[in-house]
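This report goes through selected local features of one model. It takes up loop residues, a helix, the ligand site and the cysteines in turn.

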Amino acid sequence: MSITQEPKVKSFETRLFINGKFTEASDGGKFDLTSPATGEKFVQVSEASEADTDAAVAAAKAAFPAWSALSPKARGVYFKKLATLIRESHDELAELEALSMGRPVSEYIESSMAANSLDHYAEAGFQALGTSSLNTPGFVNMTLRQPYGVVAAIIPWNVPVMFLVNKAAPALMAGNTVVVKSSEKAPLTSAKIATLIEKVGFPPGVINILSGHGHISGKVLSHHMDVRVLSFTGSGRTGRIITAAAAKSNLKNVILELGGKTPAVIFEDANIEKAVEQTKHSVQWNSGQVCMANSRIYVQESIAPKFIELFKQSFSQIKSGDPLLKSTNHGPQADKIQYEQIQSYIEEAKKVGKMALGSEPSEHTTGYFVQPTVFLETPEDTRPMKEEIFGPVVHINTFKTEEEVVAKANDTEYGLYAAVYTKDVSRALRMAKKLEAGRVGVNCTSPTGALDMPFGGYKASGIGREGYTVSIDHYLETKSVLISVDEF
Ligand code: NAD
(Lines give C-alpha, C1' and ligand atoms only; values in the text may rest on other atoms or scores of the structure.)
Protein backbone atom coordinates (compact mmCIF):
# COMPACT_ATOMS: atom_id res chain seq x y z
CA MET A 1 0.00 0.00 0.00
CA SER A 2 1.05 3.62 -0.13
CA ILE A 3 0.89 6.19 2.62
CA THR A 4 -2.20 8.23 1.74
CA GLN A 5 -2.07 10.65 4.64
CA GLU A 6 0.86 13.08 4.69
CA PRO A 7 2.45 13.01 8.20
CA LYS A 8 2.44 16.35 10.05
CA VAL A 9 5.77 15.55 11.67
CA LYS A 10 8.50 16.55 9.24
CA SER A 11 11.69 16.04 11.19
CA PHE A 12 12.72 13.38 13.66
CA GLU A 13 15.09 13.40 16.63
CA THR A 14 17.30 10.40 15.96
CA ARG A 15 20.30 11.04 18.21
CA LEU A 16 21.35 9.64 21.58
CA PHE A 17 20.60 11.61 24.75
CA ILE A 18 23.57 11.31 27.11
CA ASN A 19 24.38 13.53 30.08
CA GLY A 20 21.72 16.08 29.05
CA LYS A 21 23.03 16.47 25.48
CA PHE A 22 21.99 15.08 22.11
CA THR A 23 24.81 13.39 20.27
CA GLU A 24 25.42 11.18 17.26
CA ALA A 25 26.94 7.76 17.96
CA SER A 26 30.65 8.09 18.79
CA ASP A 27 31.58 5.76 15.91
CA GLY A 28 29.02 7.36 13.56
CA GLY A 29 26.90 4.18 13.58
CA LYS A 30 23.32 4.38 12.35
CA PHE A 31 20.56 1.92 11.53
CA ASP A 32 17.66 2.20 9.10
CA LEU A 33 14.02 2.47 10.07
CA THR A 34 11.59 0.98 7.59
CA SER A 35 7.90 1.88 7.38
CA PRO A 36 5.92 -1.31 8.03
CA ALA A 37 3.05 0.12 5.97
CA THR A 38 5.10 0.56 2.79
CA GLY A 39 8.24 -1.49 3.35
CA GLU A 40 10.33 1.61 2.52
CA LYS A 41 13.25 2.99 4.53
CA PHE A 42 12.45 6.49 5.78
CA VAL A 43 15.04 7.56 8.36
CA GLN A 44 18.35 6.58 9.94
CA VAL A 45 18.75 6.45 13.71
CA SER A 46 21.92 6.57 15.84
CA GLU A 47 23.18 3.17 16.95
CA ALA A 48 24.65 3.52 20.46
CA SER A 49 28.10 1.97 20.54
CA GLU A 50 29.68 0.23 23.52
CA ALA A 51 31.51 3.48 24.32
CA ASP A 52 28.25 5.49 24.14
CA THR A 53 26.55 3.03 26.49
CA ASP A 54 29.46 3.25 28.93
CA ALA A 55 29.25 7.06 28.72
CA ALA A 56 25.51 6.99 29.51
CA VAL A 57 26.09 4.76 32.56
CA ALA A 58 28.98 7.00 33.70
CA ALA A 59 26.76 10.09 33.34
CA ALA A 60 24.01 8.42 35.36
CA LYS A 61 26.52 7.39 38.03
CA ALA A 62 27.88 10.92 38.29
CA ALA A 63 24.38 12.41 38.55
CA PHE A 64 23.30 9.97 41.29
CA PRO A 65 24.60 11.72 44.47
CA ALA A 66 22.86 15.03 43.79
CA TRP A 67 19.63 13.50 42.46
CA SER A 68 19.29 11.04 45.33
CA ALA A 69 19.81 13.89 47.80
CA LEU A 70 16.72 15.75 46.53
CA SER A 71 13.40 15.43 48.33
CA PRO A 72 10.65 13.46 46.54
CA LYS A 73 8.76 16.74 46.21
CA ALA A 74 11.66 18.37 44.38
CA ARG A 75 11.93 15.38 42.01
CA GLY A 76 8.19 15.49 41.43
CA VAL A 77 8.37 19.03 40.01
CA TYR A 78 10.27 17.68 36.97
CA PHE A 79 7.78 14.83 36.55
CA LYS A 80 4.77 17.14 36.44
CA LYS A 81 6.36 19.34 33.78
CA LEU A 82 7.22 16.26 31.70
CA ALA A 83 3.64 14.96 32.02
CA THR A 84 2.31 18.24 30.62
CA LEU A 85 4.72 18.20 27.67
CA ILE A 86 3.87 14.56 26.88
CA ARG A 87 0.13 15.38 26.83
CA GLU A 88 0.84 18.32 24.50
CA SER A 89 2.85 16.02 22.19
CA HIS A 90 0.07 13.44 21.77
CA ASP A 91 -0.40 13.94 18.02
CA GLU A 92 3.31 13.86 17.26
CA LEU A 93 3.95 10.77 19.40
CA ALA A 94 1.00 9.02 17.72
CA GLU A 95 2.41 9.79 14.27
CA LEU A 96 5.93 8.69 15.19
CA GLU A 97 4.64 5.31 16.37
CA ALA A 98 2.43 4.93 13.29
CA LEU A 99 5.44 5.59 11.07
CA SER A 100 7.88 3.32 12.86
CA MET A 101 5.83 0.36 14.07
CA GLY A 102 2.49 0.81 12.31
CA ARG A 103 0.12 1.46 15.23
CA PRO A 104 -2.91 3.37 13.91
CA VAL A 105 -3.02 6.96 15.23
CA SER A 106 -6.68 6.33 16.13
CA GLU A 107 -5.53 3.80 18.73
CA TYR A 108 -2.74 5.83 20.31
CA ILE A 109 -3.42 6.04 24.05
CA GLU A 110 0.08 5.93 25.45
CA SER A 111 0.58 9.67 25.86
CA SER A 112 -2.21 9.95 28.42
CA MET A 113 -1.19 6.68 30.12
CA ALA A 114 2.40 7.88 30.41
CA ALA A 115 1.44 11.37 31.57
CA ASN A 116 -0.96 9.97 34.19
CA SER A 117 1.80 7.67 35.39
CA LEU A 118 4.21 10.60 35.76
CA ASP A 119 1.56 12.56 37.68
CA HIS A 120 1.11 9.57 39.98
CA TYR A 121 4.84 9.05 40.64
CA ALA A 122 5.33 12.80 41.12
CA GLU A 123 3.41 12.39 44.39
CA ALA A 124 4.47 8.84 45.27
CA GLY A 125 8.00 9.37 46.57
CA PHE A 126 6.92 9.61 50.19
CA GLN A 127 5.88 5.92 50.00
CA ALA A 128 9.57 5.09 50.39
CA LEU A 129 9.42 4.41 54.11
CA GLY A 130 11.41 2.08 56.32
CA THR A 131 10.20 0.41 59.50
CA SER A 132 11.23 0.65 63.14
CA SER A 133 11.33 -2.01 65.86
CA LEU A 134 11.59 -2.13 69.66
CA ASN A 135 11.49 -5.94 69.71
CA THR A 136 15.16 -6.42 70.58
CA PRO A 137 15.76 -5.50 74.25
CA GLY A 138 18.32 -2.71 74.60
CA PHE A 139 17.92 -1.64 70.95
CA VAL A 140 15.94 0.75 68.81
CA ASN A 141 16.20 -0.73 65.31
CA MET A 142 15.10 0.55 61.96
CA THR A 143 15.21 -0.12 58.26
CA LEU A 144 16.23 2.47 55.70
CA ARG A 145 15.00 2.33 52.10
CA GLN A 146 17.66 3.70 49.77
CA PRO A 147 18.11 3.93 46.00
CA TYR A 148 20.51 1.52 44.29
CA GLY A 149 22.34 3.96 42.02
CA VAL A 150 22.16 3.38 38.25
CA VAL A 151 19.08 1.60 36.91
CA ALA A 152 18.89 0.42 33.29
CA ALA A 153 15.60 -0.08 31.46
CA ILE A 154 15.45 -2.09 28.24
CA ILE A 155 12.09 -1.74 26.52
CA PRO A 156 10.24 -3.38 23.60
CA TRP A 157 8.60 -1.76 20.57
CA ASN A 158 4.93 -2.52 21.03
CA VAL A 159 4.00 0.10 23.66
CA PRO A 160 7.32 1.95 24.07
CA VAL A 161 6.39 5.26 25.71
CA MET A 162 4.35 3.53 28.38
CA PHE A 163 7.22 1.16 29.22
CA LEU A 164 9.78 3.96 29.20
CA VAL A 165 7.78 5.97 31.74
CA ASN A 166 6.56 3.05 33.85
CA LYS A 167 10.14 1.93 34.41
CA ALA A 168 11.99 5.26 34.55
CA ALA A 169 9.50 7.19 36.72
CA PRO A 170 9.43 4.88 39.78
CA ALA A 171 13.20 4.33 39.54
CA LEU A 172 13.86 8.08 39.40
CA MET A 173 11.34 8.90 42.12
CA ALA A 174 13.10 6.40 44.40
CA GLY A 175 16.26 8.48 43.87
CA ASN A 176 18.05 6.36 41.26
CA THR A 177 19.37 7.64 37.94
CA VAL A 178 18.45 5.89 34.74
CA VAL A 179 19.67 4.71 31.32
CA VAL A 180 16.88 3.64 28.95
CA LYS A 181 17.55 1.64 25.80
CA SER A 182 14.69 1.84 23.30
CA SER A 183 13.87 -0.88 20.78
CA GLU A 184 15.53 -0.74 17.37
CA LYS A 185 12.05 -1.19 15.86
CA ALA A 186 10.45 1.86 17.50
CA PRO A 187 13.09 4.34 18.72
CA LEU A 188 11.48 7.62 17.57
CA THR A 189 9.05 8.19 20.43
CA SER A 190 11.75 7.54 23.04
CA ALA A 191 14.01 10.08 21.29
CA LYS A 192 11.08 12.53 21.25
CA ILE A 193 10.61 11.99 25.01
CA ALA A 194 14.33 12.82 25.37
CA THR A 195 13.68 16.21 23.73
CA LEU A 196 10.92 16.82 26.30
CA ILE A 197 13.25 15.77 29.15
CA GLU A 198 15.75 18.33 27.87
CA LYS A 199 13.02 20.99 27.72
CA VAL A 200 11.94 20.24 31.30
CA GLY A 201 15.55 20.72 32.41
CA PHE A 202 16.20 17.49 34.32
CA PRO A 203 19.76 17.70 35.69
CA PRO A 204 22.25 16.23 33.15
CA GLY A 205 22.79 12.48 33.48
CA VAL A 206 19.71 11.82 35.60
CA ILE A 207 17.99 10.21 32.64
CA ASN A 208 19.81 9.08 29.50
CA ILE A 209 18.12 7.61 26.44
CA LEU A 210 19.89 5.35 23.95
CA SER A 211 18.71 3.88 20.68
CA GLY A 212 20.25 0.77 19.18
CA HIS A 213 20.30 -2.99 18.98
CA GLY A 214 20.22 -5.45 21.84
CA HIS A 215 23.47 -7.20 20.98
CA ILE A 216 25.39 -3.90 21.29
CA SER A 217 24.00 -1.40 23.85
CA GLY A 218 21.61 -3.95 25.45
CA LYS A 219 24.47 -6.36 25.98
CA VAL A 220 26.68 -3.68 27.56
CA LEU A 221 23.90 -2.61 29.95
CA SER A 222 23.11 -6.14 31.07
CA HIS A 223 26.82 -6.91 31.74
CA HIS A 224 27.66 -3.49 33.19
CA MET A 225 29.23 -3.53 36.65
CA ASP A 226 27.80 -0.09 37.51
CA VAL A 227 24.20 -0.96 36.65
CA ARG A 228 22.59 -2.21 39.85
CA VAL A 229 19.03 -2.92 38.65
CA LEU A 230 17.89 -3.88 35.17
CA SER A 231 14.21 -3.63 34.36
CA PHE A 232 13.33 -5.44 31.15
CA THR A 233 10.18 -5.92 29.09
CA GLY A 234 10.43 -8.09 26.01
CA SER A 235 10.69 -11.68 24.86
CA GLY A 236 11.51 -14.66 27.03
CA ARG A 237 14.51 -15.37 24.83
CA THR A 238 16.09 -11.99 25.59
CA GLY A 239 14.95 -12.18 29.23
CA ARG A 240 17.03 -15.35 29.64
CA ILE A 241 20.09 -13.75 27.99
CA ILE A 242 19.82 -10.73 30.29
CA THR A 243 19.43 -12.87 33.39
CA ALA A 244 22.55 -14.86 32.43
CA ALA A 245 24.45 -11.60 31.82
CA ALA A 246 23.40 -10.30 35.23
CA ALA A 247 24.58 -13.54 36.84
CA LYS A 248 27.92 -13.40 35.02
CA SER A 249 28.60 -9.76 35.93
CA ASN A 250 27.55 -8.14 39.20
CA LEU A 251 24.36 -10.11 40.03
CA LYS A 252 22.32 -6.98 39.38
CA ASN A 253 18.65 -7.26 40.30
CA VAL A 254 16.57 -8.14 37.26
CA ILE A 255 12.87 -7.43 36.78
CA LEU A 256 11.38 -9.29 33.83
CA GLU A 257 8.05 -8.70 32.08
CA LEU A 258 7.98 -11.30 29.32
CA GLY A 259 5.63 -12.94 26.87
CA GLY A 260 2.24 -14.59 27.23
CA LYS A 261 -0.22 -17.05 25.72
CA THR A 262 -3.40 -15.86 27.43
CA PRO A 263 -6.29 -18.33 27.58
CA ALA A 264 -9.85 -16.95 27.64
CA VAL A 265 -12.36 -19.51 28.91
CA ILE A 266 -16.00 -19.02 27.90
CA PHE A 267 -18.57 -21.07 29.82
CA GLU A 268 -22.05 -21.75 28.42
CA ASP A 269 -23.75 -19.35 30.87
CA ALA A 270 -21.56 -16.39 29.79
CA ASN A 271 -22.82 -13.24 28.14
CA ILE A 272 -21.74 -14.40 24.68
CA GLU A 273 -21.95 -11.05 22.90
CA LYS A 274 -19.76 -9.38 25.54
CA ALA A 275 -17.28 -12.27 25.49
CA VAL A 276 -17.06 -12.12 21.69
CA GLU A 277 -16.45 -8.37 21.53
CA GLN A 278 -13.87 -8.33 24.30
CA THR A 279 -11.91 -11.42 23.26
CA LYS A 280 -11.85 -10.12 19.68
CA HIS A 281 -10.57 -6.71 20.81
CA SER A 282 -7.90 -8.41 22.93
CA VAL A 283 -6.31 -10.17 19.97
CA GLN A 284 -6.94 -7.44 17.38
CA TRP A 285 -5.74 -4.31 19.19
CA ASN A 286 -2.24 -3.28 18.09
CA SER A 287 -2.59 -5.98 15.40
CA GLY A 288 -2.32 -8.63 18.11
CA GLN A 289 1.15 -7.45 19.15
CA VAL A 290 0.34 -7.48 22.84
CA CYS A 291 1.98 -9.73 25.44
CA MET A 292 -1.35 -10.43 27.18
CA ALA A 293 -3.53 -10.83 24.04
CA ASN A 294 -5.94 -13.79 24.47
CA SER A 295 -4.47 -15.84 21.67
CA ARG A 296 -6.18 -19.05 22.91
CA ILE A 297 -9.94 -19.16 23.42
CA TYR A 298 -11.65 -22.17 25.01
CA VAL A 299 -15.43 -22.28 24.48
CA GLN A 300 -17.77 -24.75 26.16
CA GLU A 301 -19.07 -27.15 23.50
CA SER A 302 -22.78 -26.27 23.74
CA ILE A 303 -22.22 -22.62 22.74
CA ALA A 304 -19.23 -23.11 20.45
CA PRO A 305 -21.04 -22.83 17.06
CA LYS A 306 -22.73 -19.54 18.05
CA PHE A 307 -19.57 -18.09 19.64
CA ILE A 308 -17.39 -18.98 16.66
CA GLU A 309 -19.84 -17.50 14.15
CA LEU A 310 -20.16 -14.21 16.07
CA PHE A 311 -16.41 -14.06 16.64
CA LYS A 312 -15.62 -14.49 12.94
CA GLN A 313 -18.16 -11.81 11.99
CA SER A 314 -16.74 -9.35 14.50
CA PHE A 315 -13.05 -10.11 13.82
CA SER A 316 -13.46 -9.58 10.08
CA GLN A 317 -14.90 -6.07 10.59
CA ILE A 318 -11.55 -4.29 10.62
CA LYS A 319 -10.51 -1.19 8.74
CA SER A 320 -6.97 -2.02 7.75
CA GLY A 321 -4.69 0.44 5.99
CA ASP A 322 -2.52 3.53 6.40
CA PRO A 323 -1.90 3.84 10.15
CA LEU A 324 -1.76 7.64 9.76
CA LEU A 325 -5.43 7.76 8.74
CA LYS A 326 -7.88 8.35 11.59
CA SER A 327 -10.30 5.84 10.01
CA THR A 328 -7.80 2.94 10.22
CA ASN A 329 -8.12 0.62 13.21
CA HIS A 330 -5.84 -2.19 12.04
CA GLY A 331 -2.27 -1.45 11.06
CA PRO A 332 0.53 -3.60 9.67
CA GLN A 333 2.77 -5.77 11.87
CA ALA A 334 5.79 -3.90 13.20
CA ASP A 335 8.34 -5.17 10.68
CA LYS A 336 9.34 -7.88 8.24
CA ILE A 337 10.70 -10.14 10.99
CA GLN A 338 7.41 -10.06 12.92
CA TYR A 339 5.43 -10.55 9.71
CA GLU A 340 7.45 -13.57 8.61
CA GLN A 341 7.31 -15.11 12.07
CA ILE A 342 3.50 -14.84 12.12
CA GLN A 343 3.26 -16.30 8.61
CA SER A 344 5.36 -19.28 9.64
CA TYR A 345 3.01 -19.98 12.59
CA ILE A 346 -0.01 -19.63 10.25
CA GLU A 347 1.49 -22.12 7.79
CA GLU A 348 2.19 -24.55 10.61
CA ALA A 349 -1.31 -24.14 12.09
CA LYS A 350 -2.87 -24.79 8.66
CA LYS A 351 -1.27 -28.23 8.69
CA VAL A 352 -2.63 -29.24 12.10
CA GLY A 353 -5.81 -27.18 12.65
CA LYS A 354 -8.81 -25.87 10.66
CA MET A 355 -8.49 -22.35 9.28
CA ALA A 356 -11.84 -20.64 9.83
CA LEU A 357 -10.91 -17.03 8.97
CA GLY A 358 -7.95 -15.38 7.25
CA SER A 359 -7.49 -17.43 4.11
CA GLU A 360 -8.39 -14.48 1.83
CA PRO A 361 -5.23 -12.64 0.68
CA SER A 362 -4.68 -9.19 2.20
CA GLU A 363 -5.99 -6.25 0.14
CA HIS A 364 -2.54 -4.66 0.56
CA THR A 365 0.20 -5.73 -1.82
CA THR A 366 3.01 -3.97 0.06
CA GLY A 367 3.66 -3.56 3.77
CA TYR A 368 3.44 -6.16 6.50
CA PHE A 369 -0.33 -6.64 6.84
CA VAL A 370 -1.77 -9.82 8.33
CA GLN A 371 -5.49 -10.61 8.04
CA PRO A 372 -7.41 -11.44 11.22
CA THR A 373 -7.00 -15.20 11.42
CA VAL A 374 -8.93 -17.88 13.32
CA PHE A 375 -8.01 -21.54 13.69
CA LEU A 376 -10.28 -24.22 15.13
CA GLU A 377 -9.38 -27.56 16.71
CA THR A 378 -5.63 -26.96 16.77
CA PRO A 379 -4.05 -29.80 18.77
CA GLU A 380 -2.87 -28.63 22.18
CA ASP A 381 0.66 -29.97 21.90
CA THR A 382 1.62 -28.02 18.76
CA ARG A 383 3.87 -24.97 18.39
CA PRO A 384 1.06 -22.57 17.38
CA MET A 385 -0.80 -23.45 20.60
CA LYS A 386 2.25 -23.29 22.84
CA GLU A 387 4.31 -20.38 21.51
CA GLU A 388 3.66 -16.66 21.35
CA ILE A 389 2.58 -15.66 17.81
CA PHE A 390 2.29 -11.90 18.47
CA GLY A 391 -0.17 -11.22 15.66
CA PRO A 392 -3.94 -11.13 14.95
CA VAL A 393 -4.16 -14.90 15.11
CA VAL A 394 -6.39 -16.79 17.54
CA HIS A 395 -7.01 -20.48 18.22
CA ILE A 396 -10.54 -21.38 19.33
CA ASN A 397 -10.87 -24.83 20.89
CA THR A 398 -13.77 -26.39 22.74
CA PHE A 399 -14.14 -28.11 26.13
CA LYS A 400 -16.72 -30.07 28.08
CA THR A 401 -15.81 -29.71 31.76
CA GLU A 402 -14.23 -27.18 34.08
CA GLU A 403 -11.52 -29.64 35.08
CA GLU A 404 -10.61 -30.27 31.44
CA VAL A 405 -10.37 -26.58 30.56
CA VAL A 406 -8.26 -25.71 33.62
CA ALA A 407 -5.75 -28.38 32.58
CA LYS A 408 -5.64 -27.06 28.99
CA ALA A 409 -5.45 -23.39 29.97
CA ASN A 410 -2.57 -24.05 32.37
CA ASP A 411 -0.64 -26.36 30.05
CA THR A 412 1.78 -23.64 28.98
CA GLU A 413 5.02 -22.19 30.25
CA TYR A 414 3.43 -18.73 30.06
CA GLY A 415 1.29 -17.22 32.81
CA LEU A 416 0.75 -13.50 32.27
CA TYR A 417 -3.03 -13.14 32.01
CA ALA A 418 -6.04 -15.46 31.89
CA ALA A 419 -9.74 -14.70 31.46
CA VAL A 420 -12.96 -16.46 32.39
CA TYR A 421 -16.51 -15.61 31.33
CA THR A 422 -19.34 -17.07 33.45
CA LYS A 423 -22.30 -15.79 35.50
CA ASP A 424 -21.67 -18.41 38.20
CA VAL A 425 -19.79 -16.59 40.99
CA SER A 426 -18.49 -19.74 42.65
CA ARG A 427 -17.14 -21.05 39.37
CA ALA A 428 -15.57 -17.66 38.58
CA LEU A 429 -13.74 -17.64 41.90
CA ARG A 430 -12.68 -21.29 41.58
CA MET A 431 -11.25 -20.52 38.15
CA ALA A 432 -9.54 -17.34 39.37
CA LYS A 433 -7.81 -19.46 42.01
CA LYS A 434 -6.84 -22.31 39.67
CA LEU A 435 -5.62 -20.41 36.61
CA GLU A 436 -1.85 -20.00 36.66
CA ALA A 437 -1.49 -16.35 35.68
CA GLY A 438 -0.35 -13.10 37.27
CA ARG A 439 -3.67 -11.49 36.36
CA VAL A 440 -7.10 -13.07 35.90
CA GLY A 441 -10.03 -11.25 34.29
CA VAL A 442 -13.51 -12.36 35.34
CA ASN A 443 -16.07 -11.38 32.71
CA CYS A 444 -13.38 -9.21 31.17
CA THR A 445 -10.11 -9.93 29.39
CA SER A 446 -6.86 -8.24 28.45
CA PRO A 447 -5.96 -5.46 28.00
CA THR A 448 -8.33 -4.64 30.91
CA GLY A 449 -6.18 -3.50 33.79
CA ALA A 450 -6.34 -1.62 37.07
CA LEU A 451 -3.67 0.89 38.01
CA ASP A 452 -3.43 -0.23 41.63
CA MET A 453 -3.27 -3.95 40.81
CA PRO A 454 0.22 -5.45 40.29
CA PHE A 455 1.04 -6.71 36.79
CA GLY A 456 3.48 -9.48 35.94
CA GLY A 457 3.85 -13.11 35.10
CA TYR A 458 3.65 -16.54 36.64
CA LYS A 459 6.13 -19.13 35.32
CA ALA A 460 8.17 -18.01 32.26
CA SER A 461 6.13 -14.81 31.83
CA GLY A 462 8.39 -12.94 34.18
CA ILE A 463 9.96 -12.14 37.51
CA GLY A 464 8.51 -9.43 39.72
CA ARG A 465 5.43 -7.23 39.45
CA GLU A 466 4.99 -3.68 38.19
CA GLY A 467 2.29 -1.11 38.91
CA TYR A 468 1.50 2.07 40.81
CA THR A 469 1.56 0.35 44.21
CA VAL A 470 4.57 -1.93 43.75
CA SER A 471 7.08 -0.53 41.24
CA ILE A 472 8.93 1.88 43.54
CA ASP A 473 9.77 -1.02 45.82
CA HIS A 474 11.94 -2.63 43.09
CA TYR A 475 14.21 0.38 43.03
CA LEU A 476 14.93 0.66 46.79
CA GLU A 477 17.45 -1.32 48.79
CA THR A 478 16.58 -2.23 52.40
CA LYS A 479 19.16 -1.59 55.08
CA SER A 480 18.74 -2.68 58.71
CA VAL A 481 20.25 -0.27 61.25
CA LEU A 482 20.73 -1.68 64.77
CA ILE A 483 21.05 0.96 67.49
CA SER A 484 22.17 -0.13 70.92
CA VAL A 485 20.63 2.16 73.54
CA ASP A 486 22.21 2.74 76.96
CA GLU A 487 19.81 1.89 79.78
CA PHE A 488 19.12 4.33 82.67
P1 NAD B 1 12.85 -8.52 22.31
O2 NAD B 1 13.18 -9.37 23.47
O3 NAD B 1 13.27 -8.94 20.98
O4 NAD B 1 13.45 -7.05 22.51
C5 NAD B 1 13.17 -6.29 23.67
C6 NAD B 1 14.33 -5.35 23.93
O7 NAD B 1 15.46 -6.14 24.26
C8 NAD B 1 14.72 -4.49 22.74
O9 NAD B 1 15.04 -3.20 23.19
C10 NAD B 1 15.95 -5.20 22.20
O11 NAD B 1 16.82 -4.37 21.50
C12 NAD B 1 16.57 -5.71 23.47
N13 NAD B 1 17.49 -6.84 23.30
C14 NAD B 1 17.49 -7.77 22.31
N15 NAD B 1 18.52 -8.63 22.49
C16 NAD B 1 19.19 -8.24 23.58
C17 NAD B 1 20.35 -8.71 24.28
N18 NAD B 1 21.04 -9.77 23.85
N19 NAD B 1 20.73 -8.07 25.40
C20 NAD B 1 20.05 -7.00 25.85
N21 NAD B 1 18.97 -6.47 25.22
C22 NAD B 1 18.53 -7.10 24.11
O23 NAD B 1 11.27 -8.29 22.38
P24 NAD B 1 10.38 -7.42 21.41
O25 NAD B 1 10.26 -8.14 20.12
O26 NAD B 1 10.87 -6.01 21.41
O27 NAD B 1 9.00 -7.40 22.17
C28 NAD B 1 8.08 -8.42 22.04
C29 NAD B 1 8.13 -9.31 23.25
O30 NAD B 1 7.94 -8.55 24.42
C31 NAD B 1 7.04 -10.34 23.25
O32 NAD B 1 7.53 -11.57 23.69
C33 NAD B 1 6.05 -9.77 24.22
O34 NAD B 1 5.19 -10.69 24.80
C35 NAD B 1 6.93 -9.13 25.22
N36 NAD B 1 6.22 -8.09 25.96
C37 NAD B 1 5.93 -8.32 27.28
C38 NAD B 1 5.21 -7.39 28.00
C39 NAD B 1 4.89 -7.59 29.46
O40 NAD B 1 4.55 -6.62 30.13
N41 NAD B 1 4.98 -8.79 29.99
C42 NAD B 1 4.77 -6.23 27.38
C43 NAD B 1 5.08 -6.02 26.04
C44 NAD B 1 5.82 -6.97 25.35
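Asparagine 286 touches Met101, Arg103, Glu107 and Asn158, leaving aside residues up to four places away in sequence. The model is a predicted one. Asparagine 286 sits in the loop that runs between helix H9 (272-284) and strand S13 (296-300). Its relative accessibility is 2%, so asparagine 286 counts as buried, the cut-off being under 20%.

One of the residues touched by asparagine 286 is Met101, and Met101 also appears among the buried residues of H3. The others in that helix are Leu93, Ala94, Glu95, Leu96, Glu97, Ala98, Leu99 and Ser100. Because nine of its twelve residues are buried, H3 is largely enclosed by the rest of the structure. The elements against which these buried residues pack are strand S3 (30-34), strand S4 (41-46), helix H2 (72-88), helix H4 (110-124), helix H5 (160-173) and helix H6 (188-200).

The length of H3 can be checked against its residue count. Helix H3 covers residues 90-101, and at 1.5 Å a residue its twelve residues should span 16 Å. The C-alpha atoms at its ends are 16 Å apart, in agreement with that value. Glycine 102 follows H3 and has a positive phi, near 85°.

Helix H6, one of the elements packed against H3, contains serine 190. With a relative accessibility of 0%, serine 190 counts as buried. Its contacts, not counting residues up to four places away in sequence, are Ile155, Leu164, Ser182 and Ile209. Between the C-alpha atoms of serine 190 and valine 161 the distance is 6.4 Å, although the two are 29 residues apart in sequence.

A second loop asparagine is asparagine 250, placed between helix H8 (236-248) and strand S11 (253-257). Asparagine 250 has a relative accessible area of 13% and is therefore buried. A polar atom of its side chain lies 2.9 Å from the backbone oxygen of valine 227. The side chain of asparagine 250 also makes a polar contact, at 2.8 Å, with the side chain of lysine 252. Beyond four places in sequence, asparagine 250 touches His224, Met225, Asp226, Val227 and Arg228.

The ligand has 28 residues around it, of which Glu184, Ser235, Thr238, Leu258 and Glu388 come nearest. Three short polar distances to the ligand are listed below.

| Residue | Protein atom | Ligand atom | Distance |
|---|---|---|---|
| Tryptophan 157 | polar side-chain atom | oxygen | 2.8 Å |
| Glutamate 184 | polar side-chain atom | oxygen | 2.6 Å |
| Leucine 258 | backbone N or O atom | nitrogen | 2.6 Å |

Taken alone, the ligand exposes 850 Å², and the protein buries 91% of that area.

The last topic is the cysteines. How many disulfides does a search of the whole structure find? The search finds zero. Cysteine 291 is in no disulfide, and the cysteine sulfur nearest to it, that of cysteine 444, is 15 Å away. Cysteine 444 is likewise in no disulfide, with the sulfur of cysteine 291 as its nearest, 15 Å away. A disulfide requires the two sulfur atoms to be within 2.5 Å. Cysteine 291 is buried, at a relative accessible area of 16%. Cysteine 444 counts as buried too, at 18% relative accessibility.

Notes
Residues are numbered from 1 along each chain as its sequence is written. This is a predicted model: local features need pLDDT of at least 70, side-chain atom pairs count only at pLDDT 80 or more; totals for chains, interfaces and linings use all residues. Side-chain values use heavy atoms; hydrogens and water are left out. Helices (H or I, at least four residues) and strands (E, at least two) are DSSP runs, numbered from the N terminus. The expected span of a helix is 1.5 Å times one less than its number of residues. Buried means under 20% relative accessible area, exposed over 50%, partly exposed in between (1.4 Å probe, protein chains only). Contact means heavy atoms within 4.5 Å. A residue is near a molecule or strand if one of its heavy atoms lies within 4 Å of it. A polar contact is a pair of N or O atoms within 3.5 Å; within protein, one must be able to donate a hydrogen and the other to accept it, and residues adjacent in sequence count only if both atoms are side-chain atoms. Accessible areas come from the Shrake-Rupley method with a 1.4 Å probe; for residues, only the protein chains shown count as cover.
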